[in-house]
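Here are some notes to read beside the model. They take the pockets first, then a buried charge, a helix and the salt bridges.

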Amino acid sequence: MFPKSFFVDWYKEHGRNFPWRQAGVSPFKLLVTEMLLRQTQASSVSKLWYGFTQKYPNASLLAQANEDELFNVLKILGLAKQRSSALSAASTWLVENCEGQVPDTKEELLKIPHVGLYVSNAVLCFAFGQRVEIVDTNVLRFYARYYGLEIRPDIRRNAKVWDEAKSLLPDKGSQVQHHNYGLLDFTAEVCRSRFPQCNICPLASSCSWATRGIKP
């Protein structure tokens with residue numbers, strides 16, 4: 001078992017630097033960011049992040065945007081039709097139901113079109129500083145490997161993983177964001193889907209997957 005502070009310490013030493021991780025980024029921009037990050041490398045999103053969030057800094061402006069225009073801006077990321085439609089629907093819902101403001105409860109966040117469990121928790125943590133766990137595909141894979149779990153591909157149906165993720169959250173609220181960022185960065189850079197870096201992983205000696213000698 002690794003120390004509870006592992007991912008906080010990992011983030012302090014190895015954390016990735018993205019513009020949306022800076023202080024003062026609005027909840028709306030963070031919601032948009034999480035929607036853009038779906039099935040997309042963070043490095044790709046970072047290339048258009050400043051321009052996109054400056055052009056559409058709030059729900060009202062994004063809701064009014066022409067979908068063809070959005071498509072052209074987002075096509076560099078792929079899935080441009082899907083992304084533009086999702087962003088339009090989400091921002092329109094916020095304007096019509098929340099006066100353009102991003103809600104700070106999971107119940108309300110999940111009402112936003114195209115917002116699921118991961119995005120809602122990410123917004124609660126990174127935008128509002130709430131002590132909530134986050135589990136995406138990479139995190140799910142890490143816990144499955146480390147603890148030797150048989151998991152289902154549907155993130156919602158892995159109660160053991162969510163329970164474990166919650167139990168590892170720091171007690172201090174100020175460290176929860178760094179913990180979750182560290183977890184995301186570690187699973188993206190070290191415990192990767194393809195060619196995981198077990199030879200340099202500090203958790204390899206206690207990892208069920210690594211100690212069984214499974215080849216990447």
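1. Helix α11 supplies the largest share of the lining of the largest pocket, with 5 residues. The model is a predicted one. Four helices each give at least two residues to this lining: α3 (42-55), α8 (117-126), α9 (137-147) and α11 (173-189).

2. The largest pocket holds about 970 Å³ of space. Its lining counts 29 residues, and those closest to the centre are Leu37, Arg38, Gln39, Thr40 and Asp136. By class, the lining divides into 12 nonpolar, 9 polar and 8 charged residues.

3. The second largest pocket holds about 160 Å³. Helix α11 turns up here too: it gives the most to this lining, with 3 residues. Among the lining residues are Tyr11, Trp20, Arg21, Phe126, Gln177, His178 and Tyr181. The class count is 7 nonpolar, 4 polar and 1 charged.

4. Look next at Arg83, in helix α6 (residues 80-98). Which side chain of opposite charge is nearest to Arg83? It is Glu34, 11 Å away. Arg83 is buried and has no salt bridge. Side chains of opposite charge can pair when their charged atoms come close. A salt bridge needs a side-chain nitrogen within 4 Å of a carboxyl oxygen, so Glu34, at 11 Å from Arg83, does not qualify.

5. What does Arg83 touch instead? Leaving out residues up to four places away in sequence, its contacts are Met35, Leu36, Arg38, Gln39, Thr40, Leu74, Leu77 and Gly78. Of these, Arg38, Gln39 and Thr40 are also listed among the residues closest to the centre of the largest pocket.

6. Helix α2 (residues 27-36) is largely enclosed by the rest of the structure, because 8 of its 10 residues are buried. They are Phe28, Leu30, Leu31, Val32, Thr33, Glu34, Met35 and Leu36. These residues pack against α3, α4 (59-64), α5 (67-74), α6 and α8. Met35 and Leu36 are also contacts of Arg83.

7. How many salt bridges does a search of the whole structure find? The count is 8. Arg16, Arg21, Asp185 and Glu189 are linked in a network of them. Arg21 also appears in the lining of the second largest pocket.

8. Lys111 pairs with Glu108 in a salt bridge, and their closest N and O atoms are 2.8 Å apart. Lys111 has a relative accessible area of 44%, so it counts as partly exposed. Glu108, at 26%, is partly exposed as well.

9. Arg131 and Asp171 form another salt bridge, with closest N and O atoms 3.9 Å apart. This pair links distant parts of the chain, 40 residues apart. Arg131 sits in the loop between α8 and α9, and Asp171 in the loop between α10 (159-167) and α11. Arg131 is partly exposed, at 40% relative accessible area, whereas Asp171 is exposed, at 65%.

10. Lys160 and Glu164 form a salt bridge within helix α10. The two residues are 4 apart, about one turn of the helix. Their closest N and O atoms are 3.9 Å apart. Is Glu164 buried or exposed? Glu164 has 14% relative accessibility, so it counts as buried. Lys160, at 46%, is partly exposed.

Notes: Residues are numbered from 1 along each chain as its sequence is written. This is a predicted model: local features need pLDDT of at least 70, side-chain atom pairs count only at pLDDT 80 or more; totals for chains, interfaces and linings use all residues. Side-chain values use heavy atoms; hydrogens and water are left out. On a 1 Å grid over the protein atoms alone, a cavity is a set of points where a 1.4 Å probe fits but cannot get out, and a pocket is an open set with protein on both sides within 12 Å along at least five of seven lines; lining residues have an atom within 4 Å of a point. Grid points are joined across faces, edges and corners, and a volume is the space filled by probe spheres set on the points. Ala, Val, Leu, Ile, Met, Phe, Trp, Tyr, Cys and Pro count as nonpolar, Asp, Glu, Lys and Arg as charged, and the others, Gly among them, as polar. Buried means under 20% relative accessible area, exposed over 50%, partly exposed in between (1.4 Å probe, protein chains only). Lys and Arg count as positive and Asp and Glu as negative; His and the chain ends are not counted. Contact means heavy atoms within 4.5 Å.
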